[in-house]
Amino acid sequence: MDLYYLTAHQLHNMLVNKEISAVELTKSVFARIDKLDDRIRAFVTLTREQALQQAQQVDNARAAGEELPALAGIPVAIKDNICTVGVRTTCSSKMLYNYIPPYNATVMERLNDARTIMVGKTNMDEFAMGSSCENSAFFPTCNPWDTERVPGGSSGGSAAAVAAGEAVLALGSDTGGSIRQPASFCGVVGMKPTYGTVSRYGLVAFASSLDQIGPLTRDVTDCALLLNVICGHDPFDSTSAPYDKPDYTSFLTGDIKGMKIGVPVEYMGEGIDSAVKEVIKKAIAVLSNLGAEVAETTLPHTEHALPAYYLIAPAEASSNLARYDGVRYGYRSEKAGDVVDMFMQTRSEGFGPEVKRRIMLGTYALSAGYYDAYYNKALKVRTLIKQDFDQAYEKFDLLLGPTAPVTAFKRGEKVDDPVQMYMVDVCTLSVNLAGLPAISVPAGMAGNLPVGLQLIGRPFGEGDILRAAHAFEQTTEHHRKFPE
Amino acid sequence: MLSPKEVEHVALLARLKLTDEEKETYRRQLSDILDNFRKLQDLDTENIPPTAHVLPLQNVFREDRVGGHMAVEKVLANAPQRQDNFFKVPKIV
């Protein structure tokens with residue numbers, strides 16, 4: 001087995017036992033990138049020299065007899081909406097094509113303290129708006145399992161990089177499913193933590209009440225290890241939750257006897273592909289055999305989550321993206337007359353079609369005369385959706401369903417129909433509206449394409465979903481499959 | 001169905017200059033999207049409070065103490081245009 005396809009915890013043991021060096025490992029990952037990324041196109045920017053320097057420092061520390069932290073020397077890919085000091089951070093948008101952050105996101109500071117190696121910045125749907133990576137202003141990313149298909153989105157570059165061996169770990173961001181859905185499409189593990197668990201400082205804002213950074217990894221143990229590094233209270237983010245952070249690996253016991261798991265009927269009904277449903281049914285049988293008590297339940301307002309989300313997220317986005325005016329950073333139109341004209345030309349030339357569509361939708365939902373009918377209505381429905389989950393968690397420890405209603409679709413299949421594209425997020429976006437933690441784990445294949453199983457926990461119930469996901473993974477081989 | 005005038009008004013609020021083709025596309029697509037969202041109106045939410053935020057956090061203040069701040073050169077490094085220690089923009093008045 002090549003180095004680039006091992007997990008971080010396996011590689012850590014090899015590093016500690018001096019079977020490999022961090023420089024060797026980093027070179028192996030870059031060799032893989034050189035071989036494949038012409039076809040996959042997971043990266044917007046590569047940081048090869050910096051990576052080799054970081055790796056050399058890890059090797060020097062090891063030679064000096066220092067104890068290596070759990071993820072020291074492990075190559076990580078970073079979604080290009082996470083600020084990296086001195087390294088271009090574009091959000092895959094013309095608007096930020098030349099933006100070099102003067103500071104690091106908090107998660108980057110934590111990764112550096114943990115001595116991980118940054119490989120590069122990954123492609124995404126522009127400003128994280130999209131479900132297929134086709135909305136990147138630069139180029140689309142391909143699914144490593146079938147290069148004619150999309151890797152999902154918006155963290156499609158990060159998911160594709162991990163799936164193709166172009167990085168061992170990756171960070172993504174999830175506003176309505178943007179970590180979990182590409183994890184499902186690419187056959188890797190992806191987690192959206194509870195809102196407030198991971199600092200948003202330095203994450204370019206899309207919808208501030210929904211955005212969370214989270215891990216994309218090869219297995220659940222790596223997911224717990226990466227979450228350990230990036231989570232925890234941050235005074236730089238006023239929505240960061242003060243809570244006692246556990247060691248998430250302590251939940252990986254393999255024992256889920258007596259765990260109560262609910263299957264919302266809405267997640268297994270109409271609109272879910274039958275091949276996807278079959279895989280999820282098999283996964284339910286596996287969990288039952290492990291001693292979990294699985295029963296049907298209901299989240300009655302599920303059908304209202306999609307419209308509520310697509311009013312709230314664009315409303316917040318229209319406000320957040322008002323900052324792109326060509327004054328302080330990023331793109332500025334050359335055609336400008338007076339200052340207002342400069343704002344308008346800059347925004348019209350700098351934003352792509354989906355970003356403009358969402359700014360228009362959000363502005364409309366917030367505008368005088370429509371605020372109550374649309375935005376405020378959506379906030380009230382958000383309360384109902386949250387109450388659905390609260391009621392379900394009176395009886396269950398976690399909920400389960402497919403991560404996405406379909407497997408990876410072909411490029412171009414849905415780009416012209418926004419409503420069809422938005423439907424792809426139908427299983428994931430309620431979770432963001434309610435602020436809950438959820439994980440997608442590889443559950444099997446439908447044809448030659450991976451299917452993800454989604455486990456949703458109580459607020460700050462990351463331990464429960466990691467425990468169940470890990471137990472499931474131990475009895476299956478899906479996470480050990482790699483694309484050809 | 002949104003009217004062309006409504007689309008132009010929203011575009012102005014959002015500070016977007018749209019081509020005629022874009023105006024027509026967004027008019028059609030936004031109308032489609034809003035039609036699909038009509039089912040929200042069927043729900044009785046009279047007595048339901050809105051949720052803008054899921055965490056029960058309020059008024060997160062920091063201590064009133066001078067902290068570190070970024071050097072002016074760093075702040076201006078990404079400016080499309082600058083003059084001395086200022087961001088430069090086209091004529092305002």
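**Figure 1. The largest nonpolar core of the predicted model.** This core comprises 172 residues. The residues with the most contacts inside the core are A:Val76, A:Ala167, A:Ala308, A:Leu311, A:Ile439 and A:Leu455. Helix α9(A) provides the largest share of the core, with 10 residues. In soluble globular proteins, nonpolar side chains tend to be buried together.

**Figure 2. Surroundings of A:Val76.** Apart from its neighbours within four places in sequence, A:Val76 is in contact with nine residues that fall into stretches listed here: A:Leu111, A:Thr116, A:Ile117, A:Met118 and A:Val119, followed by A:Ala167, A:Leu169, A:Ala170 and A:Leu171. One of these partners, A:Ala167, is itself among the residues with the most contacts inside the core.

**Figure 3. Positions annotated as active site in chain A.** An unreviewed UniProt entry gives the annotation "active site" to A:Lys79, A:Ser154 and A:Ser178. These positions span 100 residues in sequence, yet no two of their C-alpha atoms are more than 11.0 Å apart, so they gather at one spot. For residues 24–466 of chain A, an unreviewed UniProt entry also lists "domain: Amidase". The end C-alpha atoms of residues 24–466 lie 31 Å apart, and the span is 38% helix and 14% strand.

**Figure 4. Environment of A:Lys79.** A:Lys79 is located in strand β2 of chain A, which covers residues 75–79. A:Lys79 counts as buried, because 31 C-beta neighbours lie inside 10 Å, and 20 or more are required for that class. Neighbours within four places in sequence being left aside, A:Lys79 makes contact with A:Thr122, A:Met124, A:Ser155, A:Gly157, A:Ser158, A:Leu171, A:Gly172 and A:Ser173.

**Figure 5. Environment of A:Ser178.** The loop between β4 (169–174) and α6 (180–186) of chain A holds A:Ser178. With 37 C-beta neighbours inside 10 Å, A:Ser178 counts as buried. When neighbours within four places in sequence are set aside, the contacts of A:Ser178 are A:Ala128, A:Gly153, A:Ser154, A:Ser155, A:Gly172 and A:Ser173. One of these contacts, A:Ser154, also carries the "active site" annotation in the UniProt entry. A:Ser155, A:Gly172 and A:Ser173 appear among the contacts of A:Lys79 as well.

**Figure 6. The side of chain A that touches chain B.** In this view, 53 residues of chain A are in contact with 42 residues of chain B. Helices α9 (302–320), α10 (339–350), α11 (353–366), α12 (371–395) and α13 (418–423) of chain A each supply at least two residues of this side. Helix α12(A) gives the most, with 10 residues. By class, the side of chain A that touches chain B has 28 nonpolar, 15 polar and 10 charged residues.

**Figure 7. Helix α1 of chain B and its packing.** Within helix α1 of chain B (residues 4–13), B:Val7, B:Val10 and B:Ala11 are buried. These residues cover an arc of only 100° around the axis, which puts them on the same side of α1(B). An α-helix has 3.6 residues a turn, so residues three or four places apart point the same way. The buried residues of α1(B) pack against α11 of chain A together with α2 (20–36) of chain B. Just after α1(B), B:Arg15 takes a positive phi of about 55°.

**Figure 8. A:Arg480 in the segment after α15 of chain A.** A:Arg480 lies in the segment that comes after α15 (462–474). A:Arg480 is partly exposed, with 13 other C-beta atoms within 10 Å. A:Arg480 and A:Arg218 are 262 residues apart in sequence, but their C-alpha atoms are 8.1 Å apart in space.

**Figure 9. The two chains as context for the close-up views.** Chain A contains 15 helices and 11 strands. Its radius of gyration is 21 Å, close to the 23 Å that the globule rule gives for 484 residues, so chain A is as compact as a globular protein of that length. Of the 484 residues of chain A, 63% count as buried. Among contacts in chain A between residues at least 6 apart in sequence, 76% join residues at least 24 apart. Chain B has 3 helices and 2 strands, arranged along the sequence in the pattern α-α-α-β-β. The radius of gyration of chain B is 23 Å, whereas a compact globule of 93 residues would have a value near 12 Å. Buried residues account for 16% of the 93 residues in chain B.

Definitions and conventions: Residues are numbered from 1 along each chain as its sequence is written. Chains are lettered from A and ligands numbered from 1 in the order in which they are written. This is a predicted model: local features need pLDDT of at least 70, side-chain atom pairs count only at pLDDT 80 or more; totals for chains, interfaces and linings use all residues. UniProt positions are given in the numbering used here, feature names are shortened, and annotations may be inferred rather than shown by experiment. Helices (H or I, at least four residues) and strands (E, at least two) are DSSP runs, numbered from the N terminus. Two residues are in contact if their C-beta atoms, placed from the backbone, lie within 7 Å. Ala, Val, Leu, Ile, Met, Phe, Trp, Tyr, Cys and Pro count as nonpolar, Asp, Glu, Lys and Arg as charged, and the others, Gly among them, as polar. A nonpolar core is a set of buried Ala, Val, Leu, Ile, Met, Phe, Trp, Tyr and Cys residues joined through C-beta atoms within 7 Å. A residue is buried if 20 or more other C-beta atoms lie within 10 Å of its own, exposed if 12 or fewer, and partly exposed in between; C-beta atoms are placed from the backbone. The arc is that of the directions from the helix axis to the C-beta atoms. The radius of gyration is taken over C-alpha atoms; the globule rule is 2.2 Å times the number of residues to the power 0.38.
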